[in-house]
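Open the model in your viewer and keep the sequence panel beside it. This tour goes from one selection to the next and says what is there.

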Amino acid sequence: MMKTQSNPLAGRRATWALLLVSMLAGLLLWEGVVRSSQLPAFILPAPGQVWARFLSALGDGSLGRHIWVTLQEVVLGLVSGSLFAAALGYLLARSPRLERMLAPYVVASQSVPIVAIAPLLIIWFGPGLFSKVLICALIVFFPVLINTVVGLQAVPQDLHDLMRSLRASRWQTFRLLELPAAMPVFLGGLRIGATLSVIGAVVGELVGADRGLGFLINLGRGGYDTALVFVAVFTLIALALTLYGLVLLLEARLLWWQRKSQTSEG
Amino acid sequence: MPSLTKPLLQASQLAVTFRDGRLELPVLDELSFSVQRGEFLCILGPSGSGKSTLLRVLGGLLPASRGGVHLGGQAVQGPPPGVGLVFQHANLMPWRTVQQNISLPLELAGEDLTAASQMLELVGLQGFEDSLPSQLSGGMAQRVAIARALVQDPQVLLMDEPFGSLDAITRERMEDELLRIWSTQRTTVILVTHDISEAVYLADRVLVLSPRPASIRLDLRVSLPRPRRQAQRYTPQFGALAAQLRAAIESPA
């Protein structure tokens, strides 16, 4: 019994150790390629050079400013996109007729790559914060919408019948049944949305911006400062991972009942 | 015990027809019956005979195509107050604890939640207040469902094959448990089942439905003494009643 209790923790430690080993291996490989190929730093900078560039960009405060800009776009886009998607998803799940009417538009909007319409949005709404938030929101919209609809449609009919027989109000049914029942699937959509939102922000900044991590990539490329491009890319990865982790934390908080029942069955 | 006073529930010429485009599927055909206050009524029928549909109509979840239901003198239009519903599967909310599942009806009605603790005790689940449904066995989950249905002290308890998904031993235990609860709460029970023996064991009266469209084939009074004990299943009277019900079910239309 003691053994099974300590296992999850040991397993987690082993996972971290493996992660660390694979990252070290990656860095070593990278360093090896740089040394053996003797490529110039503007083609492939060594890990040490990227680290130094990271420290300098951090030191003069420029990196922090760009991170802040991108972070705002990503978070505002994610939040507004998910809110709109959840609201529309709720309406679509409630009304099959509305779903049939709107489904072609929703699907059509998804078949146009965001890269293709980003320039239009920048032209219409300028190179400022708003157009980037809009791009993020658009890219987040679809997966959250779909998962909201799927999550709500999966609520068991018997529980709906129970709520009806107990004469629950529309609001009570939403708050006590639909919201918690659809939450696991909805959060799955939010998880996808969180990483997509980062992509949306970078696309918007690459197309037209004078700040943000996407702009930093453009800046590094223009000035043959490839180490800076690496710094920006790694920062973006870290940003996406952090957001993803935050959604996972949210899941752990809201879906405690799923984890508890799993461990009890094990 | 049934009495000659005004019936608690009255179904008059109840008919339900499902429509799917041009297709018409008659499910219930002019059913009329009444249930006395405190009576334990079993509705017995083969699978797909419309038993569940009938229960949904009685509970106001499904409107009748023709005819109607009166509960306590009031015409049923939509789910009336004072009806407790128990489904074939416990139908609990997996994110609510046992206690929270039982108190759901009280919470919805804005009533005091303390009655939930008494119900928890009544169904013998003390110590499981904070368990989640996924941590319960099938029988325990169904106890929670029964407690939830009883927590507002309903006039009538509608049960749709409540023990259908339980194993035979748990099932017998739950039948005894239900009879014990029924004798202390004095609620009226309408229980749908396809199990002849269960119907005889539980009921004051059994209605046998014909295959779809369902009409009443037999209205049989079960005059076995109470409290019932599982050993009664092996008495000649029990067997005779069961045989009568079987004959009614199997008779050609």
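In which strand of chain B does Leu85(B) lie? Select Leu85(B): the strand is β6, residues 83-86 of chain B. Bear in mind from here on that this is a predicted model.

**Stop 1: Leu85(B)**

Is Leu85(B) buried or exposed? With 20 or more other C-beta atoms within 10 Å a residue counts as buried. Leu85(B) has 27 such atoms within 10 Å, so it is buried. Now show what touches it, leaving out neighbours within four places in sequence. Leu85(B) is in contact with Gly59(B), Ala149(B) and Leu158(B) of chain B, and with Leu162(A) and Ser165(A) of chain A. Add Asp160(B) to the selection and draw a C-alpha to C-alpha distance from Leu85(B): the two are 75 residues apart in sequence and 8.0 Å apart in space.

**Stop 2: where chain A meets chain B**

Two of the contacts of Leu85(B), Leu162(A) and Ser165(A), belong to chain A, so widen the view to the whole contact between the chains. It takes 15 residues from chain A and 17 residues from chain B. On the chain A side, select α7 (157-165), α8 (170-207) and α11 (256-265), each of which supplies at least two residues. Which of the helices gives the largest share of that side? The answer is α7(A), with six residues. Colour the chain A side by residue class and you will find six nonpolar, four polar and five charged residues.

**Stop 3: helix α1 of chain B**

Select residues 51-58 of chain B, which form helix α1. Seven of these eight residues are buried, so the helix is largely enclosed by the rest of the structure. The buried residues are Lys51(B), Thr53(B), Leu54(B), Leu55(B), Arg56(B), Val57(B) and Leu58(B). After α1(B) comes Gly60(B), with a positive phi near 75°.

**Stop 4: Val27(B)**

One of the buried residues of α1(B), Thr53(B), leads to the next selection, since Val27(B) touches Thr53(B). Val27(B) lies in strand β2, residues 23-35 of chain B. How many other C-beta atoms lie within 10 Å of Val27(B)? There are 20, and Val27(B) is buried. Not counting residues up to four places away in sequence, Val27(B) also touches Val16(B), Thr17(B), Phe18(B), Gly50(B), Arg212(B), Pro213(B) and Ala214(B). For a distance across the chain, pick the C-alpha atoms of Val27(B) and Leu207(B): they are 180 residues apart along the chain and separated by 16 Å.

**Stop 5: the two domains of chain B**

Colour chain B by domain: domain 1 covers 9-82 and 156-250, and domain 2 covers 94-153. Their C-alpha centres lie 24 Å apart. The contact between the two takes 12 residues from domain 1 of chain B and seven residues from domain 2 of chain B. Helix α6 of chain B, residues 168-185, gives the most to the domain 1 side, with six residues. By class, that side has seven nonpolar, four polar and one charged residues.

**Stop 6: chain A as a whole**

Hide chain B and look at chain A. How many helices and strands does chain A have? It has 11 helices and zero strands. The C-alpha trace of chain A spans about 75 × 60 × 30 Å along its principal axes. Chain A has 266 residues, of which 32% count as buried. Of its contacts with a separation of 6 or more, 76% are between residues 24 or more positions apart. Colour chain A by domain as well: domain 1 is 1-38 and domain 2 is 45-265. The centres of these domains, taken over C-alpha atoms, are separated by 29 Å.

**Stop 7: α2 and α10 of chain A**

Two packed helices are described by the angle between their axes and the distance between the axes. Select helix α2 (residues 47-59) and helix α10 (residues 226-254) of chain A: they pack at an angle of about 75°, with their axes 9 Å apart. That angle makes α2(A) roughly perpendicular to α10(A). Show side chains for Gln49(A), Val50(A), Arg53(A), Phe54(A) and Ala57(A) in α2(A), which meet Ala227(A), Leu228(A), Phe230(A) and Val231(A) in α10(A). The contact has seven nonpolar, one polar and one charged residues.

**Stop 8: confidence in chain A**

Finish by colouring chain A by pLDDT. The mean for chain A is 91, and 94% of its residues reach 70 or more. Which element of chain A has the lowest mean pLDDT? That is α11(A), at 67, whereas helix α3 (residues 62-94) of chain A has the highest, at 96. Where pLDDT is low, the predicted coordinates should not be read in detail. Keep this in mind on returning to the contact with chain B, where α11 is among the helices of chain A that supply at least two residues.

Terms used
Residues numbered from 1 in each chain as written. Chains lettered and ligands numbered in written order. Predicted model: local features only at pLDDT ≥ 70, side-chain atom pairs only at ≥ 80, totals over all residues. Helix = DSSP H or I, 4+ residues; strand = E, 2+ residues; numbered from the N terminus. Nonpolar A, V, L, I, M, F, W, Y, C, P; charged D, E, K, R; others polar. Domains from an automatic or database assignment. Axes fitted to C-alpha atoms, helices over the stretch in contact; angles between N-to-C directions. Parallel < 35°, antiparallel > 145°, perpendicular 65-115°, else oblique. pLDDT = per-residue confidence, 0-100. Buried ≥ 20, exposed ≤ 12 C-beta atoms within 10 Å, placed from the backbone.
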